[in-house]
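Work through these exercises on aromatic rings. Try each task before reading its solution.

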Amino acid sequence: LPEEGLALRQRNDKDLEFSIQLFRLMGHAYIDVMSDEMDIDTSIIDKCEEYLFDNFDNMTVRRNDVGFVFMALIESLREINDFRYDKAIEILNVIFRGVENNDINMIRFGERSIYSHLPALCDVKKKYIPYRFEIGIFLTEAYLLKHDYSGAQEVAEEVVELNLGLNTRPGYYILRLHLAEIYRELQLNYEKAKEICNQILSQNNLSLSERIKQRAKTCLALLHAQDGEAASGLELLIQDESCYEVHCARAQCYLLMGKLQEASAEATAATELNHDDDAQAHYLMGETLRLIGEQPNEALTELLQACKLNAYSAPAFFSLGQLLWLTEGPTKKALECFKWAVHLRPYDRVIVRALSDRYASLGMNDENMDLLERSADYRQFEPWTWAWREFGMYQLLEANNLTKAVKAFQRLCPSPAEVTEDGDLVSLDLLAESYYRQGNSPTASRIWKQYCKFKPDLYRLMRLGDALQKSRRFEEALETYSCIDEEHWAPLYGTGHTYVYKARVNENAGRFQVAFRSWCAAIQPLERAFQLKPSALLVEKTLADAQFAMAVYKQPNPILWASKAWQHYLKCWSRIGRYPAVICGQLARSMGDVATYLCNTPDNDLDDQLRKVGRPALKALRRATRLEPDDISNWIAFGVAAARLRKPRLAQHCFIKAILLDKENPQGWTNLGVLYLEHKNYDLAYECFHTAQNMSATYGHSWYGMGLLSEIVKQPDKTLDIFKESCHLTLQRSIIYNYGLRFCEDLVECIKEHGHADCINMKELLFLVEILPPVICK
């Protein structure tokens, strides 16, 4: 260690003797680290400790950083020698990285303890750190002995990057060789690792041993093989002198090339030279026999021996798991082999995917998803997209955990707007689908727009149009459907459905003229879609919805429109069995509305209508309440239909059931109040309306019910004000129409009585003029 030796001239005799002891220890261990394993002579450690304890009080060096390095190094090497790698790593990290504003650190030496504030060594650019290169070597080796390759990679990269003026020393290149071997194990940075090996092989002016150069060549060959260039890797070794390591490397190359006979020959040669009974030869022989498939028992023997000799050989345990799975089936032993292999190599895509497939075949979905999530998070580059995709697909389609699905596909498409035609369009589509099912239609529509720039297929255009509908961007949705040139029922249905959705949105906003035009526009595309696809239930139901709207808006022959809608609803109901309960509920409620309309039309025979439409509608609603007994909307619709179809007791039961499901919902109380009002039970009606108003002062229907009651009990002064308030709160067509009717009746009475209209409130008249025309339009 020549550069450290320059500092000895500045020390006194005692310091010089101390440093000599330190260099003896570091030199012995350092030279040993440069070989394939660390074999520490504990007698040197004992002598160094003895010298330290005898002379520490009189040594000026104790106030220098070198003293702390010396103490920590002794302790860490002892921990390594006793296989306590975690403790050794903890100690070496303290002196390698330094501490800052930390509590007192205690390092134990035999029966005594020395307390010291370790120096702040974090700023390596401004402060000299004694022997930091050597400490980095020891720390890297400790991580490797622990089989923590990620930790070893971090330390080795840091030391190589610091350089510290050591790039002319053999140890610097040996450390870089360690780093290349770490990259090969972690299966990353292949190009950088190849560059390191080539630089080592080109160094002719350094005293690198032939063994080191052979390690570099072997590492380079295996890097080529793992990077898909097994033939190139084999060429590097084909002329080499036959030795154990070369035969093992050749066998690995042949295995990756699928040349099993050649691999068997090399594995046999390696076994013959395996005088130290190394696990690698047993693994290669067992793996070759397993792949050939003719001697499973011999393969099992070799793999068991490999695992026994090296419990940290992930390839051996992985191969053993595959063999056990094949010969014994999906046993616990086989699964444990896969799990241990993944534990050792969480970065190995092949091993992780194999365990994932086994979990999937056994139905162990929770374990599989936990594995995929951990593994996908471990590596964030292209070969691991499968893990995020499978994890996201499961969360989207099976677990219905949309938050995790979005997270998974966001990792694959962090910038959806930047995805190009050659990008990951599959993940882009799945990300949009996840957002759409999550209810985030605006984001889904933006992503599908980006997708459709490159692949505007029918399905994605339909999904884009649907997302735009739900975002209430109706014109964009219609434009999207118009981009589909082919005569297909799906875009026609999408166009019709857009108009229907637009109509309902405008009805809720009180824009009845716009809603009426949208209903009219929906009829033609829906009829054409139904002609092309008469078996599509949703197409027929939506067409029936539009036809019934024509009846509600008093188009010519409204009974005919309502009858057409009823026939379509009946056909839909006949095949409702395979559809979800929510669709059943929607269809049953629509049937109840049409039945109520037809049975309350003066021109129709009521008894005949009750038999033809009333009973089927009530049966449908009863079934809907059985399928979804906790859905209040089904009970309310059932009650309303029963009340209009002369079933008051059934209606009362339904409304009370709705109230019991949610006592704070004013809808149930209001409908029960209307039922009592129709049967002249005014006190109970008042209590119901009053309760609903207390629950929600903004629920307009309860105000409307109270207005009807006020009108019946002859309170004209309050009636019109109550109706007006209900119009402000809810823009329902029938409520506005009844308010306008009563206002006009009062206006006529006022003119008759006074001969002029001065008594009318002009603000109320202007309000009526604003809201009434859209309601009475045709």
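**Aromatic rings**

Phe 318, Trp 325 and Phe 338 are joined into a cluster by ring pairs. The model is predicted: local features need pLDDT of at least 70, side-chain atom pairs count only at pLDDT 80 or more, and totals for chains, interfaces and linings use all residues. Residues are numbered from 1 along each chain as its sequence is written, and side-chain values use heavy atoms, without hydrogens and water.

**Exercise 1.** Find the charged end that sits over the ring of Trp 325.

*Solution.* Apply the rule: NZ of Lys or CZ of Arg within 6 Å of the ring centre and within 35 degrees of the ring normal. Arg 358 fits, at 5.3 Å from the centre of the Trp 325 ring. Lys 564 sits likewise over the ring of Trp 561, 5.2 Å from its centre.

**Exercise 2.** Classify the pair of Phe 516 and Tyr 553 and place both residues.

*Solution.* Step one is geometry. Rings of Phe, Tyr and Trp (its six-membered ring) pair if their centres lie within 6.5 Å; planes under 30 degrees apart are stacked, over 60 edge-to-face, the rest tilted. Here the centres are 5.4 Å apart and the planes 35 degrees, so the pair is tilted.

Step two is location. Phe 516 lies in helix H27 (residues 512–532), and Tyr 553 in the loop between helix H28 (537–552) and helix H29 (558–574). Helices are DSSP runs (H or I, at least four residues), numbered from the N terminus. The pair therefore ties together parts 37 residues apart in sequence.

Step three is burial. Buried means under 20% relative accessible area (1.4 Å probe, protein chains only). Phe 516 is buried because its relative accessibility is 10%. Tyr 553, at 1%, is also buried.

Key
Helix = DSSP H or I, 4+ residues; strand = E, 2+ residues; numbered from the N terminus. Buried < 20%, exposed > 50% of the residue type's maximum accessible area, 1.4 Å probe, protein only.
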